[in-house]
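Please look over the chain shown below. The report that follows starts from a single residue and works outward.

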Amino acid sequence: MHDNNSRKSTLLALAITCLSTPAIAGEGTVAFVGGRIIDGTGSAPVDNGVIISTDGRIVAVGPAASTPIPEGARQINVGGKTLIPGLINTHGHVGGVLGLESGHYNRGNVLRQLELYARYGITTVNSLGDDEFEGFEIRNEQNPVYINHSRLMVAGPVLAPATTAEAVRAVNGVADQSANFIKIRVDDNLGRSAKMAPEIYQTISDEAEKRGLPLAVHIYNLEDAKATLAAGADFIAHSVRDTAVDAEFIDGLKAADVCYSPTLTRELSTFVYESEPAFFSDPFFLKDVDPAVVATLREPERQQRMRDNPGAQHYKNIALPNAMSNLKLLSDAGVKIAMGTDSGPAARFQGYFEHLEMSMMVDAGMSPMQVLYSATGGAAECLGLNYLGTLEAGKWADIVVLDADPLADINNTKSVNQVWIAGNLVPTP
Ligand SMILES: [Zn+2]
């Protein structure tokens with residue numbers, strides 16, 4: 001039992017404590033102390049930095065000398081490490097594939113894949129199509145504070161209406177479920193299928209605009225990229241792969257403030273299993289992959305089929321080289337680049353492929369800083385996520401702790417030591 005006096009003295013003691021040390025941390029305050037901070041805005045890194053997060057949000061970032069650590073904060077020593085924002089994949093697909101088989105869309109598979117992305121430091125994924133009910137459900141129920149798997153955005157089905165009337169219905173159907181994006185394909189798959197007609201995508205674009213939803217477009221040709229951009233596309237979801245981009249396209253992207261997602265690993269995945277890919281011996285790949293999948297991809301007959309496949313060889317010899325040189329042209333011209341992989345379909349390995357993508361973007365001629373920006377602050381801007389993507393006060397504490405500095409070598413993004421989402425440590429199995 002508390003008598004009145006002891007109550008008073010407790011209150012007095014509390015008051016004195018509060019007066020003498022104003023910066024007392026709450027239970028949910030975490031301080032990351034001593035690391036190199038690359039904040040995702042494109043600014044120069046801060047060495048020996050401190051990041052303070054409270055209840056999952058960053059409240060202070062800066063050099064240790066000028067960023068006091070609140071008393072009682074839980075301290076994480078990250079001396080010698082490099083901290084980057086959680087990586088954002090602006091073009092993935094979540095939930096459909098198990099092993100090498102599609103058709104496995106269910107709640108458990110969506111969650112399993114979001115956990116996989118998270119372990120690789122991919123803390124947000126924009127699933128651009130083939131999203132079903134369970135994906136919307138998981139997107140709706142993800143609590144921004146208690147989440148410890150990759151944050152999910154969804155587009156619903158890739159729309160392929162046959163008439164303009166159907167197009168109106170299709171867009172409204174997806175918009176009524178509060179999809180994050182509308183997704184369409186304007187591509188004939190190297191002549192193997194019919195391409196969506198301009199009046200259909202124009203209707204989709206107009207209707208998406210009315211509903212306030214951004215339109216992401218899968219394209220292959222420069223002409224289709226220009227035409228869909230003119231029709232109001234908000235996000236170019238793949239590289240232009242048939243020819244070199246020109247000034248008209250560059251000016252169009254910049255004038256409309258439209259982002260471009262290269263998905264270089266999508267091209268790679270079409271032919272790389274014709275022989276043993278180098279990454280099959282990368283421990284960072286092997287640590288979280290199903291060995292049965294690797295064994296299947298190693299089968300000699302399967303490799304031979306890929307070598308004999310004209311489509312695969314076209315993507316290898318024409319599409320990927322064009323995609324890489326176009327990325328350099330667009331990046332140099334100041335077009336907004338959004339790191340995206342098209343991972344999720346069979347043999348496009350979620351989590352790992354985002355790191356491979358960033359490495360290929362550097363091979364294409366971007367600097368490591370440009371690539372990191374395209375996967376963090378830049379990606380967030382492209383997806384309209386103003387509460388994510390950078391290590392700045394007010395943003396969610398989505399943080400990847402790396403053992404080595406990715407500015408020295410982009411492949412150091414693979415040195416993932418810890419992943420935090422909204423200040424929650426992502427569990428490792
Ligand atoms: Zn895709």
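## Ile147 and its surroundings

Ile147 counts as buried because 21 C-beta neighbours lie inside 10 Å, and the cut-off for that class is 20 or more. The model is predicted, so this is a computed call. Ile147 sits in the loop between helix 3 (133–141) and strand 8.

What does Ile147 touch, not counting residues up to four places away in sequence? Its contacts are Gln142, Ile421, Ala422 and Asn424. Gly423 is 276 residues away from Ile147 along the chain, yet their C-alpha atoms are separated by 9.0 Å.

## The C-terminal strands

Ile421 and Asn424, both touched by Ile147, are also bridge partners, with Asn424 in strand 15. Strand 14 (residues 416–421) and strand 15 (residues 424–425) pair in the antiparallel sense, over two bridges. They form a hairpin with two residues between the strands. In that hairpin, Ala422 takes a positive phi near 50 degrees. Ala422 is also one of the contacts of Ile147.

Strand 14 has another partner. Strand 13 (residues 399–402) pairs with strand 14 over four bridges, again in the antiparallel sense. Here Val400 stands opposite Val419.

## The parallel sheet

Strand 8, which follows the loop of Ile147, belongs to an open sheet of three strands. The order is 6-7-8, and the pairing is parallel. Which strands lie at the edges? Strand 6 (87–92) and strand 8 (151–154) do, each pairing on one side only. From one strand to the next, the twist averages 15 degrees.

Strand 6 and strand 7 (residues 122–127) are joined by four bridges in the parallel sense. Asn89 stands opposite Val125 of strand 7.

## The nonpolar core

How many residues are in the largest nonpolar core? It has 113. Ile51, Ile182 and Ile204 have the most contacts inside it.

Ile204 shows what such contacts look like. Leaving aside neighbours within four places in sequence, Ile204 is in contact with Leu159, Ala167, Val171, Ile182, Ile184 and Leu215. Ile182 is thus named twice: as a contact of Ile204 and among the residues with the most contacts in the core.

## A covered helix

Helix 8 (residues 264–271) is mostly covered, with eight of its eight residues buried. The buried set takes in Leu264, Leu268 and Phe271, and also Thr265, Arg266, Glu267, Ser269 and Thr270. Arg266 and Glu267 therefore pass the cut-off of 20 or more C-beta neighbours within 10 Å.

What do the buried residues of helix 8 pack against? Their partners are helix 11 (300–308), helix 12 (310–332) and helix 13 (352–363).

## The whole chain

The chain holds 15 helices and 15 strands. Its radius of gyration is 23 Å, close to the 22 Å that the globule rule gives for 429 residues, so the chain is as compact as a globular protein of that length. Along its principal axes the C-alpha trace spans about 85 × 50 × 40 Å.

Of the 429 residues, 46% count as buried. Contacts reach far along the sequence: among those between residues at least 6 apart, 72% join residues at least 24 apart.

## Confidence

The average pLDDT of the chain is 94, and 94% of the residues score at least 70. Residues 1–22 are another matter. There pLDDT stays under 50, and the model has three contacts beyond four places in sequence for this stretch.

Methods
Residues numbered from 1 in each chain as written. Predicted model: local features only at pLDDT ≥ 70, side-chain atom pairs only at ≥ 80, totals over all residues. Core = buried A, V, L, I, M, F, W, Y, C linked by C-beta atoms within 7 Å. Buried ≥ 20, exposed ≤ 12 C-beta atoms within 10 Å, placed from the backbone. Contact = placed C-beta atoms within 7 Å. Rg over C-alpha atoms; globule rule 2.2 N^0.38 Å. Pairing = 2+ DSSP bridges. Axes fitted to C-alpha atoms, helices over the stretch in contact; angles between N-to-C directions. pLDDT = per-residue confidence, 0-100.
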